[in-house]
Amino acid sequence: MFLLLGVSRAISSGALSLNGGPGPSAQSGPGPDIYLLLFDAYPRADTLRTDFQWDNAQFIERMATIGFETASASHSNYNATALTLATMFNMAQVQDLVVDPPDSPAAQFRLASELLNQGRGLDVLRSHGYEIVTIPSPVSNVTLYSADRILDHPGVTDLELSILQVGLLPQIVPDGQRSWLSGSLRDRTRSAFVTLQALAAERVGHPRFIFSHVMSPHAPTLFAPDDREQLPWPCFPRECAMFYGGQHYGDAVIGPSVAQIQWLNDQIEETARGILAKSESPPVIIVMSDHGFRRDFDDESEMVRTLFMANTPGQPRLFPNDSSPVNILPRLMDAYLAEDIPLAPESTFVMDMRAVSSAGLFELRPWTP
């Protein structure tokens, strides 16, 4: 067990790497710093109104005052993080990248991780002198290990959480486990915002692509307004995993989830203001989610309705109202780096989330509004 924990730490800290991507080019490119901030499972505004009885208009308006345009019909290309990221970093749908996926669900997750780490978009950025920097979430199979800098937090990861749920461990002081582990994840979330502002204050002499994956407002519930703390669903650790969506709690998840979104809105706005104020030249900042909240696995429409905001200096209305992840990098690189990358179809595909552990990631079918 301790060997596994050590290996997990080494991978998370960057001591081990899946691909060991190249370092930044010696010659700086002309492009701006690009911050891509992904907030896992952040619902679109219409979802918040109809499903959560929460009006997110004030947050959208506050972000607009500092230059952010919101795509009110934005959507994901998939309802799973691993495929969203593979698509985004390769600038192509995964069906075009993987003709014959492996049968094993575990092998499929490994393949998706390899795809995102070997993304063609990262190669194009590096050819323009970009350094790739990442602030990862605790979920190891969607971590960008091929980044040139991995600014990880030493807190608990998903692998360590799964080990702690083996055998009798969930029965041993479950309330203490819930409190300690949620505290570790809470520290990681706070750390990501601090690190983003510290990066903006750096003066490094070359452009950077900074990808931060924050596991919020995705479960577990950790925060409420005014930085008050929440605990995750009571089913953890005896009956469910820390990142369990809480489907069997029904409407009881609404209040804690909205409270976490309120806290998160303040952090996003404060961090965006800090990045803009501390940057040497105007950066690009994308604020997005990878999929919807997924409170109801039968509601496919909600699962693909996502948050998307963009601050694109000198390039107003760069993104259409129905933006999706597959064309984020092409639009940015065509506008700022004089590339001519053809846009991919903005199509969306969904899987049955209840069957992922048995069927894997690639049993997909088209979704249409």
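**Exercises: helix H9 and strand E1**

Arg178 lies in helix H9 (residues 174-201). Helices (H or I, at least four residues) and strands (E, at least two) are DSSP runs, numbered from the N terminus. This is a predicted model: local features need pLDDT of at least 70, side-chain atom pairs count only at pLDDT 80 or more, and totals for chains, interfaces and linings use all residues. Residues are numbered from 1 along each chain as its sequence is written, and side-chain values use heavy atoms, without hydrogens and water.

**Exercise 1.** Work out the surroundings of Arg178.

*Solution.*
- Start with exposure. Buried means under 20% relative accessible area, exposed over 50%, partly exposed in between (1.4 Å probe, protein chains only). Arg178 has 12%, so Arg178 is buried.
- Next, find the side-chain partner. Arg178 and Asp175 are joined through their side chains by a polar contact of 2.9 Å.
- Then list contacts (heavy atoms within 4.5 Å). Neighbours within four places in sequence are set aside; Arg178 then touches Leu231, Pro232, Trp233, Pro234, Phe236 and Pro237.

**Exercise 2.** Sort the residues of strand E1 by the way they point.

*Solution.*
- Check cover: six of the six residues in E1 (residues 34-39) are buried.
- Split them. Ile34, Leu36 and Leu38 point one way; Tyr35, Leu37 and Phe39 point the other.
- Recall the rule: in a regular strand, side chains alternate between the two faces of the sheet.

**Exercise 3.** Find the bridge partners of Leu37 in E5 and E8.

*Solution.*
- Pairing needs at least two DSSP bridges between two strands.
- E1 pairs with E5 (residues 208-214) in the parallel sense, over six bridges. There, Leu37 bridges to Ser212.
- E1 also runs parallel to E8 (residues 284-288), joined by five bridges. There, the partner of Leu37 is Val287.

Note on methods
Polar contact = N/O pair within 3.5 Å; in protein donor to acceptor, adjacent residues only side chain to side chain.
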